[in-house]
Amino acid sequence: MGFNRKDLLGIRDLEVSEIEHILELAQSLKEINMRAIKKVPTLRGKTVIHLFYEPSTRTRTSFDIAAKRLSADTYSIAGSTSSMVKGETLLDTLKNLEAMRPDVFVVRHSASGAPHMLARNTEASVINAGDGMHEHPSQALLDMLTIIEHKKRLDGLKVVIVGDIFHSRVARSNIWGLTKMGAKVTVCGPTTLIPPKIELMGAQVGYKLDECIADADVIMVLRLQKERQQQMLLPSLREYSTYFGINPQKLTKARPDVLIMHPGPINRGVEISPEVADGPYSVILDQVTNGVAVRMALLYLLAQR
Ligand code: CP
């Protein structure tokens, strides 16, 4: 089975065969990014609109690079410079942009479900580039590709996701994806940052970092999302860092071949120390490199429908 959907809205509803198809295609397209001339004509004549209502560096840039390397035309709308500031609704924005006949919308929004609403109201494809605390499917796909490149498999691996699970769409998409692919996922953090009933998604829960990471093949460190912490969920950043910040001393408890991942952006010295972020176990920049290949694969599959 290939991938015959109109939209990519989340990992939760994907079949294992669809995830495998996307990752295999991304692996084959990655070679284009190593060429001197990094461009192929595959999506010539196709139009991609990036609709970003939240800040982004990696996702937005890599979707744009991915589209351009496939020769699509791209346009970017930022919430702060769009007619949203004059009161235009998201649906009206969509309908007006759709009248210009784009092929794909890449959407980031603070409201969970916003890309789903857009997908129901347009003939164009919609890719969820992160919606609220819900899903960030392209991030999970690039994370899976990065793990496979280094560990040659996902099945049977122990992946520990550390930190602010509650606010993390990256954690949710990775839990759905990694468990489908046979990995054992443990989430680890302070009780206030672990969502209730997260076990129902297939993850185990731990509250002591050294116990969680003892036999982990992969440690996925999450950004502490200060912008989403309206309630006082933590006594202080210093206390969070003391108990859950990943530093070289904490890593002495981990396997010698552990992979350190982080979706970015990093709060250096809070959830991860610079020595670990830049150290020998880190594959953080490999994740960024793979982001372009995964997003090329997604655009290729959706824009060519
Ligand atoms: N990982 C991620 O989504 O990063 P950006 O917010 O910079 O896109």
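Guide: A polar contact is a pair of N or O atoms within 3.5 Å. Keep that in mind as we visit the ligand of this predicted model.

Visitor: What makes Thr 57 a polar contact of the ligand?

Guide: A polar backbone atom of Thr 57 is 2.8 Å from an oxygen atom of the ligand. That value is within 3.5 Å, so the pair counts as a polar contact.

Visitor: Which part of Arg 58 lies 2.9 Å from an oxygen atom of the ligand, and which part of His 136?

Guide: For Arg 58 it is a backbone N or O atom, while for His 136 it is a polar side-chain atom. Both pairs are at 2.9 Å, within the 3.5 Å cut-off, and therefore count as polar contacts too.

Visitor: Which residues are around the ligand?

Guide: They are Ser 56, Thr 57, Arg 58, Thr 59, Arg 108, His 136, Gln 139, Pro 263 and Gly 264. Gln 139 belongs to helix α5, which spans residues 137-151, and that helix is our next stop.

Visitor: Why are α1 and α5 called roughly perpendicular?

Guide: The axis of α1 (residues 16-29) crosses that of α5 at roughly 70 degrees, and the two come within 10 Å. The range for roughly perpendicular is 65 to 115 degrees, and therefore this pair earns the name. The crossing is right-handed. From α1 come Ile 19, Ile 22, Leu 23, Ala 26 and Gln 27, and from α5 come Leu 141, Met 144, Leu 145, Ile 148 and Glu 149.

Visitor: What classes of residue make up the contact of α1 with α5?

Guide: Eight are nonpolar, one is polar and one is charged.

Visitor: How do you know that α5 and α11 are oblique?

Guide: Helix α11 (residues 284-303) packs on α5 at an angle of about 120 degrees, with the axes 8 Å apart. That angle is past the 115 limit for roughly perpendicular but not over 145, so the pair is oblique. Here too, α5 passes α11 in a right-handed crossing. Among the residues in contact are Gln 139, Asp 143 and Glu 149 of α5, with Asn 290, Val 294 and Arg 295 of α11. The whole contact divides into five nonpolar, seven polar and four charged residues.

Visitor: And what makes α5 and α6 oblique?

Guide: Their axes cross at roughly 55 degrees and come within 8 Å, α6 being residues 169-180. An angle that is neither under 35 nor in the 65 to 115 range, and not over 145, counts as oblique, so this pair does. The contact includes Pro 137, Gln 139 and Asp 143 of α5, and Val 170, Ser 173 and Leu 178 of α6. By class, six are nonpolar, four polar and one charged.

Visitor: What kind of peptide bond joins Gly 264 and Pro 265?

Guide: A cis bond, with omega at about -10 degrees. Most peptide bonds are trans, so a cis one is worth a look. Pro 265 sits in the loop between β9 (259-261) and α10 (274-277).

Visitor: Why pick out Ser 71, and where does it lie?

Guide: Its phi is near 75 degrees, a positive value in a residue other than glycine. Most residues other than glycine have a negative phi. Ser 71 is found in the loop between α2 (58-69) and β2 (73-78).

Notes. Residues numbered from 1 in each chain as written. Predicted model: local features only at pLDDT ≥ 70, side-chain atom pairs only at ≥ 80, totals over all residues. Heavy atoms only, no water. Axes fitted to C-alpha atoms, helices over the stretch in contact; angles between N-to-C directions. Helix = DSSP H or I, 4+ residues; strand = E, 2+ residues; numbered from the N terminus. Left-handed = near helix turned anticlockwise from the far one by under 90°. Contact = heavy atoms within 4.5 Å. Nonpolar A, V, L, I, M, F, W, Y, C, P; charged D, E, K, R; others polar. Near = heavy atom within 4 Å. Polar contact = N/O pair within 3.5 Å; in protein donor to acceptor, adjacent residues only side chain to side chain.
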